[in-house]
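Below are my notes on this model, set out as numbered points. They go from the overall fold to the core, then to one buried residue and the surface.

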Amino acid sequence: MEEIYGKIASALVASKNIESNEEELYKYAIKITIHTLINTITTLLIGIVFGMLKECICFFLVFFILRKFTGGVHAKRYVNCFFSSVILIAISLCIIRLLQNNNYRFEFICVDMFSVVLICALSPVQNINRPLSSRENKIYRTLSIILSVFVLLAVLYLNINGRKVSYSVGMGLIVVSLLMIIAHVKEKITLQLQ
């Protein structure tokens, strides 16, 4: 795939659409754009296959927005990230369906509240590929807390009003907090092995 991104960026330079000193930047932008398109299309397809498109979109939006600021475990290769994401979305949709078909409202709200506590305590998780400055760390932490509390309030409101979509929204909080825990455990294990 890297070769494809490079060829597209080189073609842009050759056609004089971009300067040669901007080639690496455009190569990275092309890579991110293609990955985002693949992830979005795959997520929508999973939602369609499960017959849960609305739930899938709600889960994905909450997860995507929160994850941007909270961080969490990252795969070293895109292929691993992609397949892990597919499995994660499928499992999440199965859990959402289970929650929608049963009466676990109280337990779900408790887990969501605990997830917000974890997000507030652990965010942001540093990514070794893109370390945050001290200022960015404070901004991401503040945004993580504000967004997770806002999402929790939305879950409470939707749940109290009997809206089943609350499980999709709340599941986004839960998965983000789980990925943060995994990242912290992975970091501790890595430090102990060194």
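1. Helices here are DSSP runs of H or I with at least four residues, strands are runs of E with at least two, and both are numbered from the N terminus. On that basis the order of elements from the N terminus on is α-α-α-α-α-α-α. The protein has seven helices and zero strands. The model is a predicted one.

2. Overall dimensions: the C-alpha trace spans about 60 × 40 × 30 Å along its principal axes. Of the 194 residues, 35% count as buried. The exposed area of the protein is about 12100 Å², and 68% of it is supplied by carbon and sulfur atoms.

3. Contacts: take those in the protein with a separation of 6 or more. Residues 24 or more positions apart account for 74% of them.

4. The largest nonpolar core holds 32 residues, and the members that touch the most others are F59, L93, I96, F108 and L173. Two or more residues each come from α3, α4 (78–101), α5 (105–122), α6 and α7 (165–193). Helix α7 gives the most to this core, with 11 residues.

5. Which residues does F108 contact, leaving aside its neighbours within four places in sequence? They are L99, V155, N159, S166, Y167, G170, M171 and I174. F108 is also among the core residues listed above as touching the most other members.

6. S148 deserves a separate look. The residue lies in helix α6, which covers residues 134–160. Is S148 buried or exposed? S148 is buried, because its relative accessible area is 0% and the cut-off for buried is under 20%.

7. The side chain of S148 has a polar atom 2.9 Å from the backbone oxygen of S144. A polar atom of this side chain also lies 3.1 Å from the backbone oxygen of I145. Not counting residues up to four places away in sequence, S148 touches L66, V116, I119, C120 and L173. Of these, L173 is also one of the core residues that touch the most other members.

8. On the surface, a nonpolar patch of about 900 Å² is made by L37, I41, L44, L45, I48, L53, I57, L61, F64 and I65. The elements that give two or more residues to the patch are α2 (23–50) and α3 (53–70). F64, one of the patch residues, is placed in helix α3. Helix α3 also gives two or more residues to the largest nonpolar core.

Definitions and conventions
Residues numbered from 1 in each chain as written. Predicted model: local features only at pLDDT ≥ 70, side-chain atom pairs only at ≥ 80, totals over all residues. Heavy atoms only, no water. Patch = residues over 30% accessible without salt bridge, like charges linked within 9 Å, V, L, I, M, F, W, Y side chains within 5 Å. Areas by Shrake-Rupley, 256 points an atom, 1.4 Å probe, with all protein chains shown as cover. Salt bridge = Lys/Arg side-chain N within 4 Å of Asp/Glu carboxyl O. Buried < 20%, exposed > 50% of the residue type's maximum accessible area, 1.4 Å probe, protein only. Polar contact = N/O pair within 3.5 Å; in protein donor to acceptor, adjacent residues only side chain to side chain. Contact = heavy atoms within 4.5 Å. Core = buried A, V, L, I, M, F, W, Y, C linked by side-chain atoms within 4.5 Å.
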